[in-house]
Amino acid sequence: MPDRHPAIVLPRLIAHRGLSAHAPENTLAAVRAAHRAGCAWVELDVQLLGDGTPVIWHDANVRRCSDGQAPLADLDLPAARHLDAGAWFADAFAGERMATLFEMLELIDALGMGLNLELKVHRRRSAPALVDDALPLLLDALPPERLIVSSFNDAALAHARRFAGPDRLALGVLFEGVSRDWQARCEAVDAFSVHANWKRLSPRAARAVRDAGYRLLGYTVNDPAAFAPQWTWGVQSAITDDPALFDGRLSPS
Ligand code: G3P
Ligand code: MG
């Protein structure tokens, strides 16, 4: 049976939030660093500012990764741009700014990279609003072979699926533990892939996912030795903060 999904060649390693072990997470600098380190794909998080601008950011507020304090929902683009999103990580990154989704997509396309974009829906934020603002940009910027949109939030995934069919848009369902209802969640959105917390993944669950025809990715893998058996369980990609940890530790295939 022909695969209904885009012809995505999953890399063994995906740089989590960009090369986040060596650059401030979710920034343009982190994506450039991932590219320089030889990564073909990055995982990034997207949310909306209060004015509706989609930006690349993980937390619900800016405390941990900038010199500001506010909830992301309280910022408009000028206020967000005012923040330093690099100095918290290292002096060398001082002056780095929060990236909009639009400029991040331009960079990823210019570098020829693939993107696993996580729709990050924090409490009291709207999943449909995020999807309405992010999906048109995404579909316009990247070809189907270089894009996976993932989320823990089923409403966000279902709404994303309304924008494009499975041949145009690969959707990944995120799991903490692969729950008993995992297959129903995947079928509901015509998913391409399962993204599982590798520390809670069992060989049995991995086999079930693969036998059902889904791709399987593990996050966030920063202990390649402990993770090694999971290559043989059928995990195809490890989403990691530091791909260099895997030097000489990748599975042969
Ligand atoms: O997409 C995998 C991983 O990024 C999910 O967790 O909290 O790092 O976004 P988090
Ligand atoms: Mg993420």
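**Entry 1: D190**

I looked up D190 in this predicted model. D190 has 26% relative accessibility, so I put it down as partly exposed; the buried class would have needed a value under 20%. D190 belongs to the loop that links helix 6 (182–188) to strand 7 (193–197). I also read its backbone angle: phi of D190 is near 50 degrees, a positive value, and the residue is not a glycine. Most residues other than glycine have a negative phi, which is my reason for noting the angle.

**Entry 2: R17**

I then turned to another residue with a positive phi. R17 is not a glycine, yet its phi is positive, at about 60 degrees. I found R17 in the loop between strand 1 and helix 1. Is R17 buried or exposed? Its relative accessibility is 16%, so R17 counts as buried. I marked R17 for a later entry, as it is one of the residues around ligand 1.

**Entry 3: strand 6**

I went on to strand 6, residues 170–175. Six of its six residues are buried, so I noted the strand as largely enclosed by the rest of the structure. In a regular strand the side chains alternate between the two faces of the sheet. Here A170, G172 and L174 point one way, while L171, V173 and F175 point the other way, and all of them are buried.

I checked the neighbours of strand 6 next. Strand 5 (residues 147–151) runs parallel to strand 6, and four bridges join the two. Within this pairing, S151 has V173 of strand 6 as its bridge partner. Strand 5, helix 5 (residues 154–163) and strand 6 form a β-α-β unit, and the unit is right-handed. Strand 7 also pairs with strand 6, in parallel, over four bridges. There the bridge partner of L174 is H195 in strand 7. From strand 6 the chain passes through helix 6 to strand 7, again as a right-handed β-α-β crossover.

**Entry 4: strand 2**

I asked how many residues of strand 2 (residues 41–48) are buried. The count is eight of eight, so this strand is largely enclosed by the rest of the structure. W41, E43, D45 and Q47 point one way from the strand, and V42, L44, V46 and L48 point the other way.

I listed the pairings of strand 2. Strand 1 (residues 13–16) runs parallel to strand 2, with two bridges between them. H16 has E43 as its bridge partner in strand 2. Strand 1, helix 1 (residues 28–36) and strand 2 make up a right-handed β-α-β unit. Strand 4 (residues 114–119) is parallel to strand 2 and is joined to it by six bridges. In that pairing D45 is matched with E118 of strand 4. Strand 3 (residues 54–56) runs antiparallel to strand 2, over three bridges. Strand 2 and strand 3 form a hairpin with five residues between the strands, and in this hairpin G52 takes a positive phi near 90 degrees.

**Entry 5: Q47**

I took one residue of strand 2 on its own. Q47 has 2% relative accessibility, so it counts as buried. Across the hairpin, Q47 stands opposite V55 in strand 3. I also looked for a polar contact of the Q47 side chain: one of its polar atoms lies 3.0 Å from the backbone oxygen of W57.

**Entry 6: ligand 1**

Which residues are around ligand 1? I wrote down H16, R17, E43, D45, H58, E118, K120, F152, L174 and Y219. By class, this shell divides into five charged, three nonpolar and two polar residues. L174 in the list comes from strand 6, and E43 and D45 come from strand 2.

I then read the polar contacts. An N or O atom in the side chain of H16 is 2.8 Å from an oxygen atom of ligand 1. For K120, a polar side-chain atom lies 2.8 Å from a ligand 1 oxygen. For D45, the corresponding distance is 3.2 Å. Ligand 1 on its own has 290 Å² of accessible area, and the protein covers 90% of it.

**Entry 7: A7**

My last look-up was A7, in the segment before strand 1. A7 has 59% relative accessibility, so it counts as exposed. I compared A7 with L217: they are 210 residues apart in sequence, and their C-alpha atoms are 16 Å apart in space.

Conventions:
Residues numbered from 1 in each chain as written. Chains lettered and ligands numbered in written order. Predicted model: local features only at pLDDT ≥ 70, side-chain atom pairs only at ≥ 80, totals over all residues. Heavy atoms only, no water. Buried < 20%, exposed > 50% of the residue type's maximum accessible area, 1.4 Å probe, protein only. Pairing = 2+ DSSP bridges. Right-handed = clockwise from strand over helix to strand, strands pointing away. Near = heavy atom within 4 Å. Polar contact = N/O pair within 3.5 Å; in protein donor to acceptor, adjacent residues only side chain to side chain. Areas by Shrake-Rupley, 256 points an atom, 1.4 Å probe, with all protein chains shown as cover. Nonpolar A, V, L, I, M, F, W, Y, C, P; charged D, E, K, R; others polar.
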